[in-house]
Amino acid sequence: MIMAKTKILLIEDERDIVRFVRDALVAANFTLLTANTLRDGLSLVVENRPDAVILDLGLPDGDGLTFVQTVRTWSPLPILILSARTDEQEKIKVLDAGADDYLTKPFSIGELLARIRALMRRSTHDVSQEDNPVVHFDTITVNRGLRTVVRSGEAVHLTAIEYQLLCFFLAHKGRVLTHRQLLQAIWGGASSEHTHYLRVYVGHLRKKLEVDPAQPKYFMTETGLGYRFVG
């Protein structure tokens, strides 16, 4: 039986570091994919399903933090940050967003390889079992890799809060989500009593995605409890 090599995606725009890391990982028998922008990195995650990602934070088209937040809407894919940023708050922010480890530049290949091996040992991520980043319901397609929503072939604009709320519903399809769970997930713990936020934003999602917002099929109200997504 032939075992597939571990597939690592490196998202980095510094050519010297790409070359340095590529030579080391290929010599260590990893399969390496590379991207030098946030957008290309997200596309490779969706299309190639790597086993782990090494991610620079300062990318030409955005911050690596956005990559982490986007991937965590559907996947537990292991993510190792490789950055020149040494500020403690920067590290805390990206680790709290869902990154698994943080290595500061300059670095040694020996330490990088050791951290990748440690990530793979701890990982329960199984590419074959991973949720698909692309979700379809009725005439609606949500691509969580590209952060796009399309309805009947037409792009639907959602605000950042509306999109976060939609992704949370998709990740918990069929489950009753209480007001408190939703408020804490989207607005944080300090907002746990502000149920009117939910009435407003669920209303927005219904207007944009339901055929008849007055008779919703997808974003169902659970009276006295919260909401449930049925897709």
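## A tour of a two-domain model

Start at the meeting place of domain 1 and domain 2, where 2 residue pairs are in polar contact, with both residues of each pair at pLDDT 80 or more. The count of salt bridges between domain 1 and domain 2, by contrast, is 0. Keep in mind as you go that this is a predicted model.

**Stop 1: the whole chain**

Zoom out until the full chain is in view. Along the principal axes, its C-alpha atoms fill a box of roughly 60 × 40 × 35 Å. Switch to a cartoon, and you can look for 8 helices and 14 strands. If you colour by accessibility, 43% of the 231 residues count as buried. A contact map is worth opening too: among contacts in the chain with a separation of 6 or more, 58% are between residues 24 or more positions apart.

**Stop 2: two domains and their contact**

Now colour residues 7-126 as domain 1 and residues 134-229 as domain 2, following the domain assignment. Place a marker at the C-alpha centre of each domain, and the two markers will be 30 Å apart. How many residues does each domain bring to the contact? Domain 1 supplies 6 residues and domain 2 supplies 7.

Display the surface next. About 620 Å² is buried between domain 1 and domain 2, and 62% of that area is on carbon and sulfur atoms. On the domain 1 side, select Thr70, Thr73 and Trp74: these residues lose the most area to domain 2, and together they make up 58% of what that side buries. Then highlight helix H2 (residues 38-48), which gives 3 residues, the largest share of the side of domain 1 that touches domain 2. Colour that side by residue type, and you will find 3 nonpolar residues, 3 polar residues and no charged ones.

**Stop 3: asparagine 36**

Step back along the sequence from H2 to asparagine 36, in the loop that links strand E2 (31-35) to H2. Is asparagine 36 buried, exposed or partly exposed? It counts as partly exposed, because its relative accessibility is 42%. Show its surroundings: leaving aside residues up to four places away in sequence, asparagine 36 touches Glu12, Asp13, Leu59 and Pro60. For a sense of scale, draw a C-alpha to C-alpha distance from asparagine 36 to valine 134; the two are 23 Å apart in space and 98 residues apart in sequence.

**Stop 4: a walk along the salt bridges**

Side chains of opposite charge can pair when their charged atoms come close. The structure holds 12 salt bridges, and here are some to visit.

Select lysine 105 and aspartate 56, whose side chains meet in a salt bridge at 3.5 Å, N to O. Lysine 105 is in the loop between strand E7 (101-104) and helix H5 (109-122), while aspartate 56 is in the loop between strand E3 (52-55) and strand E4 (58-59), so the pair ties together parts that are 49 residues apart in sequence. Are these two partners buried or exposed? Lysine 105 is buried at a relative accessible area of 12%, and aspartate 56 is buried at 5%.

Move on to arginine 72 and aspartate 100, which form a salt bridge with an N to O distance of 3.0 Å. Here arginine 72 sits in the loop between helix H3 (64-71) and strand E6 (79-83) and aspartate 100 in the loop between helix H4 (88-97) and E7, so parts 28 residues apart in sequence are tied together by the pair. Arginine 72 is partly exposed at 24% relative accessibility, and aspartate 100 is partly exposed at 37%.

The next pair is aspartate 101 and arginine 115, joined by a salt bridge of 2.9 Å, N to O. Aspartate 101 belongs to strand E7 and arginine 115 to helix H5, so this pair ties together parts that are 14 residues apart in sequence. Aspartate 101 is buried, with a relative accessible area of 16%, whereas arginine 115 is partly exposed, at 22%. Finish the walk by selecting Glu12, Glu14, Asp56 and Lys105 together: salt bridges that share partners join them into one network.

**Stop 5: serine 75**

End the tour at serine 75, in the loop between H3 and E6. Serine 75 counts as buried because its relative accessible area, 5%, is under 20%. Show its side chain, and you will see that a polar atom there lies 3.0 Å from the backbone nitrogen of leucine 77.

Methods
Residues numbered from 1 in each chain as written. Predicted model: local features only at pLDDT ≥ 70, side-chain atom pairs only at ≥ 80, totals over all residues. Heavy atoms only, no water. Domains from an automatic or database assignment. Contact = heavy atoms within 4.5 Å. Buried area = accessible area lost by both parts, 1.4 Å probe. Salt bridge = Lys/Arg side-chain N within 4 Å of Asp/Glu carboxyl O. Polar contact = N/O pair within 3.5 Å; in protein donor to acceptor, adjacent residues only side chain to side chain. Helix = DSSP H or I, 4+ residues; strand = E, 2+ residues; numbered from the N terminus. Nonpolar A, V, L, I, M, F, W, Y, C, P; charged D, E, K, R; others polar. Buried < 20%, exposed > 50% of the residue type's maximum accessible area, 1.4 Å probe, protein only.
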